[in-house]
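Open the model in your viewer and keep the sequence alongside. The stops below say what to select next and what is there.

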Amino acid sequence: MVKEQTMTGADVLIRSLEAESVTTIFGYPGGAIMPVYDALERSSANIRHVLMRHEQGAVHAAQGWARVKGEAGVCFATSGPGAANLLTGIADAYMDSTPVVCITGQVFEHLLGSDAFQELDVISMAAPVSKWCIQVTQAADIAPAVAKAFYLAQSGRPGPVLIDITKNAQMDVCQWQYVPCTGVPAYQPLPQLDMAAVRQAADLINQAERPLLIFGQGVTLAAAESWLLALLSLLPMPAASTALGLSALPSDHPCLIGMLGMHGHYAANKMTNECDVLIALGLRFDDRVTSDLSKYACQAKVVHFDIDASEINKNVAADIAVVADLKMSLASLLPLLTAKEYTPWWFQHHHHQSLEQQKVRSADLACTAPGELMNMATVVRALNQQYKNAIWVTDVGQHQMVACRYAHLNSKRSWVTSGGLGTMGFCLPAALGAQMAAPDRPVLALVGDGGLQMTVQELAVLKQQQIPVKVVVLNNEYLGMVRQWQELYFGKRYAETAIENPDFCALATAYGITNNHIKSHTLLDAAITAMANHQGPYLLEVRVKKEGNVFPIITPGASVSEMQLAAALDSTTEHN
């Protein structure tokens, strides 16, 4: 507890953030939050503010910080349009369980409800997509709100919170003392471990002949990576990741068979419907993982480990559920397991893997003919060769799925992408935040030509702050993922997916960013080396095949075992 002092509400906010060990804030000022910015300017606190160019960029940067750092990111915005511009990022953070503390200014209390200039009921708008939100109208309530916000954002299943502070609360004077929050009535962040359920889970796992372990970002959020490694050391079973779970297990781990889901790996999906026990760690069985639920793992016993009881039986019925902190659950489970090998089961994997190698990977990674544009996978492979310990940040689309399939992620918290909401424009600001959270590691921002233009203004921040993010633009002159669906399911009618782009290198030059542009794979390695050797931010535009597709694919409505390794003969059939 910090002893009482008299100060304005704005000063209270800055001192409270300092008490929570905040070192970096991403934001954009405006009229309703000016007292806070003035307090920050006057403060001796060791807090760095990063002036973003759009409020959506601020919240995505805070997400990138949080995902790499493992602690809450912080962003500021003003009222009205400023607060509204945060909502996409707040929803993204909510879907992906990312701890972010968003602080917005608001009009004077006496003007609330009067349609005052830049007044917006942001609380009503944020409530469905945040873990907690509050409007503060009195200076004395700011410090308790901050303490509660950080506690809720970072405890249990993490998520975004919002504090909306009226201007009078920022300007009024109050007595300040800071008491960290250690609990909230009726909120149980760490459910009590049920050892009976753990023993039942162990019995079922010990009996399995064809187990499949699937894991999600819950492993990372619980800092349970070492326990996952220990489990697979004792029971070397096939293991597959969700898109957000990538990097919880090193890409070169012998048990990792790839990614689950619509554009995942063939073996991972096929074996879901062939296993006898499905062991799910820290994932929510979303539709991109399960596809047709009526045909999902019907033959298997399901053991579901998760910290959030609301995820149990929500989509997939669990035969045994262990609701607790994942690290605690695995620590209790491991002593009850008996070492075992699964050689015949691995033979099945090798068969599936061989098919994918023949029909997909060999084509994806093949060098193109002179004068022919590259495949996206070729670019990812070349980046792997240059960057051995990079943090990969992607946008949303074909390039994202290619990176999921081919990026080498051999360190934990090396993967930052938008999962549940699928937010285009996420990459560039999130990479900026990730780089600031890990200044000693290289950060790759892999982005498509469509997504880059949604938040391209944040290039100015890379230059101003000299943040050495390496931006790799895979340019196919299409909104690629939508175009692929139009090709496969809508009779090749490319409705509004061809995109006329600016000269990205000229644009980077205008922002003061060193850049390069290549079309041929023969120039790729040298271009990546030059980028890696550059000390500051850099943009490399790579022209890739205009109508390249991502395979395998699970056709919408099909089951995970009906994954296609290539386009079906009837690909022009319309999707209803």
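**Stop 1: an enclosed strand**

Select strand S7, residues 160-166: seven of its seven residues are buried, so S7 is largely enclosed by the rest of the structure. This is a predicted model, in which local features need pLDDT of at least 70 and side-chain atom pairs count only at pLDDT 80 or more, while totals for chains, interfaces and linings use all residues. Residues are numbered from 1 along each chain as its sequence is written, and side-chain values use heavy atoms, with hydrogens and water left out.

Buried means under 20% relative accessible area, exposed over 50%, and partly exposed in between (1.4 Å probe, protein chains only). Helices (H or I, at least four residues) and strands (E, at least two) are DSSP runs, numbered from the N terminus.

Show the side chains of S7. Pro160, Leu162, Asp164 and Thr166 point one way, Val161, Ile163 and Ile165 the other, and all are buried. In a regular strand the side chains alternate between the two faces of the sheet.

Now add the partners of S7. Two strands pair if DSSP finds at least two bridges between them. Strand S5, residues 100-106, runs parallel to S7 and is joined to S7 by seven bridges. Pick threonine 104: its bridge partner in S7 is aspartate 164. Strand S6, residues 132-136, also pairs with S7 in the parallel sense, over five bridges. There, tryptophan 132 has valine 161 of S7 as its bridge partner.

**Stop 2: a loop tyrosine**

Move to tyrosine 187, in the loop between strand S8 (173-176) and helix H8. Is tyrosine 187 buried or partly exposed? Its relative accessibility is 23%, so tyrosine 187 counts as partly exposed. Contact means heavy atoms within 4.5 Å. Leaving aside neighbours within four places in sequence, tyrosine 187 is in contact with Lys131, Tyr151, Leu152, Ser155 and Gly156. For a sense of scale, draw a line from C-alpha to C-alpha between tyrosine 187 and tryptophan 392: 34 Å in space, 205 residues in sequence.

**Stop 3: the sheet from S11 to S14**

Select this open sheet of six strands, ordered S11-S10-S9-S12-S13-S14, with parallel pairing. Its edge strands are S11 (256-259) and S14 (320-323), each pairing on one side only. On average, neighbouring strands here are turned by 15° against each other, direction ignored. Axes are lines fitted to C-alpha atoms, for helices over the stretch in contact, and angles run from 0 to 180 degrees between N-to-C directions.

Zoom in on strand S10, residues 239-241, which runs parallel to S11 and is joined to S11 by three bridges. Serine 241 stands opposite methionine 259 in S11. Then show helix H8, residues 195-207, which packs on the sheet and touches strand S12 (277-281), strand S13 (301-306) and S14. The direction of H8 makes about 135° with that of S14.

**Stop 4: the sheet from S16 to S19**

Next comes an open sheet of six strands in the order S16-S15-S17-S18-S20-S19, paired in parallel. Which are its edge strands? They are S16 (415-416) and S19 (514-518), and each pairs on one side only. Five bridges join S19 to strand S20, residues 538-543, and the two run parallel. Asparagine 515 stands opposite leucine 539 in S20.

Add helix H16, residues 398-406. H16 lies across S15 (391-394), S16, S17 (443-448) and S18 (470-475), at about 135° to S17. Helix H17, residues 427-437, packs on the sheet and touches S15, S16, S17 and S18, with a direction at about 175° to that of S17.

**Stop 5: H17 and H3**

Stay on H17. It is mostly covered, with 11 of its 11 residues buried. Now add helix H3, residues 55-69: H3 and H17 pack at about 40°, their axes 6 Å apart. That angle makes H3 oblique to H17, because angles under 35 degrees count as roughly parallel, over 145 as roughly antiparallel, 65 to 115 as roughly perpendicular and the rest as oblique. For the interface, select the residues that meet: Gly57, His60, Ala61, Gly64, Trp65, Val68 and Lys69 in H3, and Pro429, Ala430, Leu432, Gly433, Ala434, Met436 and Ala437 in H17.

**Last stop: the cysteines**

A disulfide is a pair of cysteine sulfur atoms within 2.5 Å. By this rule the count is zero disulfides. Select cysteine 133: the nearest cysteine sulfur, that of cysteine 102, is 11 Å away. Cysteine 133 counts as buried, at 17% relative accessibility. For cysteine 404, the nearest cysteine sulfur is that of cysteine 427, 12 Å away. Cysteine 404 is buried too, with a relative accessible area of 5%.
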